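Reader: Hi! I have just opened this model and would love some help reading it. Please start with the overall layout and then take a close look at a single part.

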Amino acid sequence: MNMILGEGAVFLIILIVGIYFFQRIIKKESAIHQQQQNFLLSVTHELKSPLASIKLVLQTLVKRDLTKEKRDEFIKSSIDDVGRLDDLVENMLLATRIENNSYSYPKEQFDFSELVNSIFDRAIITSENKRQFVNQIQAGLAIHGDRFALGSLVNNLIENAIKYSDESSIINVQLNQIQDKLHLIISDQGVGIADHDLGKIFQKFYRAGNE
């Protein structure tokens with residue numbers, strides 16, 4: 001009887017341990033699946049904005065009789081959006097290198113004010129002027145860094161400011177230099193981020209529950 005009880009206890013322990021590890025595997029697989037969904041949502045979001053901007057520009061060119069200067073301005077904006085789509089494709093191709101820590105983030109000296117201004121102007125077109133944009137970007141501020149990575153960062157912040165704020169809200173973009181440092185501030189009047197989500201915002205593909 002003691003031997004039977006002992007074997008039964010061992011079997012029960014093995015069963016419990018097996019169930020525990022099985023549940024962990026299921027949770028891990030579920031988390032991976034959720035990350036994949038968030039990745040697709042993120043990519044879709046990134047692709048829709050420049051496509052919407054190009055579509056709006058083309059519709060404007062077809063429907064309105066614009067001056068040559070205005071047409072050239074709109075065409076230049078569309079070329080910039082095409083370049084942004086090209087950057088997005090390049091970014092996806094580099095994703096594996098980034099995951100393997102083999103991406104070197106190539107740095108160069110460039111006009112950061114010009115980059116922020118171009119993203120700012122494109123955001124106004126994309127939002128169809130439904131929000132009030134305030135430009136407080138100091139001109140001629142140079143930086144030594146990865147133009148693509150910094151551009152993606154600024155673009156993401158401005159697009160999120162648009163996405164998570166009402167159409168009547170104000171979006172303010174400030175860039176200035178204090179001593180030897182550049183300060184970039186992008187503020188909006190949106191819903192903000194819940195306190196319990198703040199610690200997770202740097203997790204890859206994480207999306208808050210109120211997106």
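In what order do the elements of the chain run from the N terminus on? And for the close look, which residues of H2 are buried?

Author: Happy to help! A word on the ground rules comes before the layout. This is a predicted model, so local features need pLDDT of at least 70 and side-chain atom pairs count only at pLDDT 80 or more, while totals for chains, interfaces and linings use all residues. Residues are numbered from 1 along each chain as its sequence is written, and side-chain values use heavy atoms, with hydrogens and water left out.

Reading from the N terminus, the order is α-α-α-β-α-β-β-α-β-β-α. That makes six helices and five strands (DSSP runs numbered from the N terminus: H or I with at least four residues for a helix, E with at least two for a strand). The chain is more spread out than a compact globule, because its radius of gyration is 24 Å, well over the 17 Å that the globule rule gives for 211 residues. That radius is taken over C-alpha atoms, and the rule is 2.2 Å times the number of residues to the power 0.38. Along the principal axes, the C-alpha atoms fill a box of roughly 95 × 45 × 35 Å.

Now for your helix. H2 covers residues 68-93, and its 26 residues should span 38 Å at 1.5 Å a residue; the end C-alpha atoms are 37 Å apart, which agrees. The expected span is 1.5 Å times one less than the number of residues. The buried residues of H2 are Phe74, Ser77, Ser78, Asp81, Arg84, Leu85 and Leu88. Here buried means under 20% relative accessible area, exposed means over 50%, and partly exposed is in between (1.4 Å probe, protein chains only). It helps to know that an α-helix has 3.6 residues a turn, so residues three or four places apart point the same way. Over the whole chain, buried residues make up 25% of the 211 residues.

What touches H2? Let's follow two of its buried residues, Phe74 and Arg84. Threonine 60, found in helix H1 (residues 2-63), is in contact with Phe74 and also with Leu66, leaving aside neighbours within four places in sequence; contact means heavy atoms within 4.5 Å. Threonine 60 counts as buried because its relative accessibility is 12%.

Arg84 leads to another helix. Asparagine 155 has its place in helix H5 (residues 147-163), and it is in contact with Arg84 as well as Glu46, Ile119 and Arg122, with neighbours within four places again set aside. At 8% relative accessibility, asparagine 155 counts as buried too.

One more residue rounds out the tour. Valine 116 lies in helix H4 (residues 112-126) and counts as buried because its relative accessibility is 0%. Not counting residues up to four places away in sequence, valine 116 touches Ile137, Val154, Val173, Leu175 and Leu184. Links across the sequence make up much of the picture: among contacts between residues at least 6 apart in sequence, 74% join residues at least 24 apart.

For contrast, try a loop. Glutamine 179 sits between strand S4 (170-178) and strand S5 (181-187), and counts as exposed because its relative accessibility is 73%. Its phi is near 60 degrees, a positive value in a residue other than glycine.
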